[in-house]
Amino acid sequence: MCIRDRYGDLSKMIKQAIVLLTLLLLHLVVAKPSISNLKKNIDPVPNYNKFELSFDVIPSQGRSYSNPYDPSEIDVHATFTSPSSKQKTFNCFYYTQYTRSGSVGHEVLQPGASMWLCRFTPNEKGTWNFVLEAVEGDGQSASVQERFDTSASNSKGFIRVSSANPSYFVYEVDDSLYFPIGENLCWAKDTYDYDRYISKLAASNATYLRLWMASWMFGIESAESGLGNYGKAQYQAWRLDYVFEALASHGINIMLCLDYAAEWNVGSDWKSNAYNSANKGGILSSPDELWNSAEALSYFKRRFRYIVARWGYATNLLAWELWNEVDDATGFESNLAGVTNLHKESYAYIRGVDSNAHLITTSFGQGLGVASIWTLLDYTMIHNYGSVDMASMALNFIPALKKEFSKPCFIAEYGTDWNWNNPNLFTNDITGINMNNEQWGSLFAGAAGGGFSWWWDSIIDPHNLYYRFQGISKFIEGEMLVEGGYKPFNPIANTSAYADDIISPLLNWGIKPPANQFVVHRDGTMTPGPEALSMLQYGVSAHTELRNPPTFIVDYEQPGEFRMPITSGSPSGAHARIYLDGVVVADQAVPAGQASIIVVVKVPAGQHKIFVDSTASDWYQIGGYILTRFTALQAFGLLSKNKVLGWARSRAYTWWQVKNNYTQPYIKDGVISADICTRSSTAVVQWWNTVTGTIEHTDTASCTCTGSTCSPLKISVPVIDSVKIFDWAFKITSFSEFR
């Protein structure tokens, strides 16, 4: 073979290799996914406003995404670098656009284009850089680098727990107070219905709503959609987008509940739960398997990832609420370790994917919840129904939880009853007395918010009780509850008028009372307090491990009565018996189910022992204990170095006493005194209308000091006629320091 032939063959081989390499490179280029049609919603974007990227992800050659909501199939995320070189990574999400038309109850949502979105909230002024990346399950990826600018804004940013005073929430930009006032509004007929509600709330100075991701409103995972695939529920997600934006435009913040116990209860909505193996794709044969299922947890995390990606941008999101009343789910008590672990895993995962660090909480339906779970979370909550005095309930419940956990706490649900089948529910309180007492009682209990009624659609809206939000909202506006170092205290209230004292037990189902001897003092206080007293009286056969019936040691200045409202009895019925100084004075059969019974005992003047028992096999539940002929005026306060915020009210102004036509006192000689002075001084006293939030009287008060001994600061209370005026809020401002 000649040299030419040899070199010719070599040249041919090189050409073939080049062709093969080119084809291989072309194949690799075509095989990769790609990102196209990238658009920004705004540039520059004001700080703490939503920056949104929309784009398409083109799958690699020969591939399609059967479930774009599964990050193991296609994982799309963006890493943002701030002007100060800080980095945050946010997941992106698959989205379907909708066009809305119609009216309340007749909403029509027309689907449009589907695409990918990434939502981000910048918190620094200047130029931001970002890398957008799409990674397929086998590692093939595509990325795009871009930038955008930000400008100054008047936004206060995200809501945090105050580091200076962990009883309250603050905005991160200026540490200003956020004291939520509003209601539950967990679902509505549609977005047009939400428009109607939101306009009323905004006009009433409300700043808070609670929403549920329920299967019928806002839920993205159901038996219809199947586990881990949110395609069929995109219209629900669009609805939630709409409501988030509508609320933000009115300055109203949201606690978003991600799950609710009824879906995990065999006696309720379990049959329609996507996890139920009776439904296509379900993986659990019974709801109690959830608590220890690694597979279920993985689907929970996938849903959390999508939720955080879609709504985690929002500065008007107060918190993620993991569960509504988790203790009502099947298997809660027998799987408490698993329930606690699920909360621990959920908290850790959400905290890891939510770079905006929204607060995380949960809720319980009974009592004060579970300590092992509360310690994991950012703040605590209480649900309470049926208390005959909502103010007393708040003033006892809130301090108990704050003392144990040193976290913010509020009443997240309340009502005169929880049972919508009770025909009395909708007429118990049509003027909002319980709203008034819950909100003002919460403020002076040191709560983080005003307490939130459950019955938004059946009581507040039809009776137009939105005005109940105005008074307290205006009263606290501009008050420095955080930096002022305010602490609850109890001024002394006196009047010649009398009214009934209501004791609201703190303990609910399943908790044995730690005490059974209670001393009731003449000012209406009790030792030990209501935190040691149960709403349930347990019988002699069933639940005997919880039985510890109470004895009340009372001292009546004048002859009076001891009353015990019974709200329900066990399925097998119950029997109440009351002893006065060892003698049976009342025997009352309690029917099964809902009840409306008042057991009344006549009590002579002087000291006595009243023993309350359940003599049948099982339990009955009470609304509280009522003792007559106590001082009609009550006063509560928050004290700082040179200011007092206070509330004076008629003890008889409760929804229960008004409904049952109890005599309302006329208080014309009320005096409030407080031993708070450190030197002789004069203070200005403002008297506020609790309904309108307006100042109606201005007075002065003084105290005199001789050496280190000071007289109490005394103020005269304007008339409480119990016709138009039932209570007053007040502010005392001193030119010297208080104790």
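**Notes on the cores and on helices 2 and 7**

1. On helix 7 (a DSSP run of H or I, at least four residues, numbered from the N terminus), the buried residues (under 20% relative accessible area, 1.4 Å probe, protein chains only) are M390, A391, S392, M393, A394, L395, N396, F397, I398, L401, K402 and F405. That makes 12 of its 16 residues, so "mostly covered" is fair.

2. Before going on: this is a predicted model, with local features needing pLDDT of at least 70 and side-chain atom pairs pLDDT 80 or more, while totals for chains, interfaces and linings use all residues. Numbering runs from 1 along each chain as its sequence is written, and side-chain values use heavy atoms, without hydrogens or water.

3. The length of helix 7 (residues 390-405) checks out: its end C-alpha atoms are 22 Å apart, which agrees with the 22 Å expected at 1.5 Å a residue (1.5 Å times one less than the number of residues). At its start, a side-chain oxygen of D389 comes within 3.2 Å of the backbone nitrogen of A391; after the helix, S406 has a positive phi, near 50°.

4. Helix 2 (residues 191-203) has D190 as its N-terminal cap, with a side-chain oxygen 3.1 Å from the backbone nitrogen of Y192. Just past the helix, N205 has a positive phi of about 70°. Its buried residues include Y194, Y197 and L201.

5. The largest nonpolar core (buried Ala, Val, Leu, Ile, Met, Phe, Trp, Tyr and Cys joined through side-chain atoms within 4.5 Å) has 151 residues, with L256, L318, W320, F410, L443 and F444 touching the most other members. Helix 4 (residues 294-311) gives the most, 10 residues. Another core, of 32 residues, lies apart from it and includes A635 and C703.

Note on methods
Buried < 20%, exposed > 50% of the residue type's maximum accessible area, 1.4 Å probe, protein only. Helix = DSSP H or I, 4+ residues; strand = E, 2+ residues; numbered from the N terminus. Polar contact = N/O pair within 3.5 Å; in protein donor to acceptor, adjacent residues only side chain to side chain.
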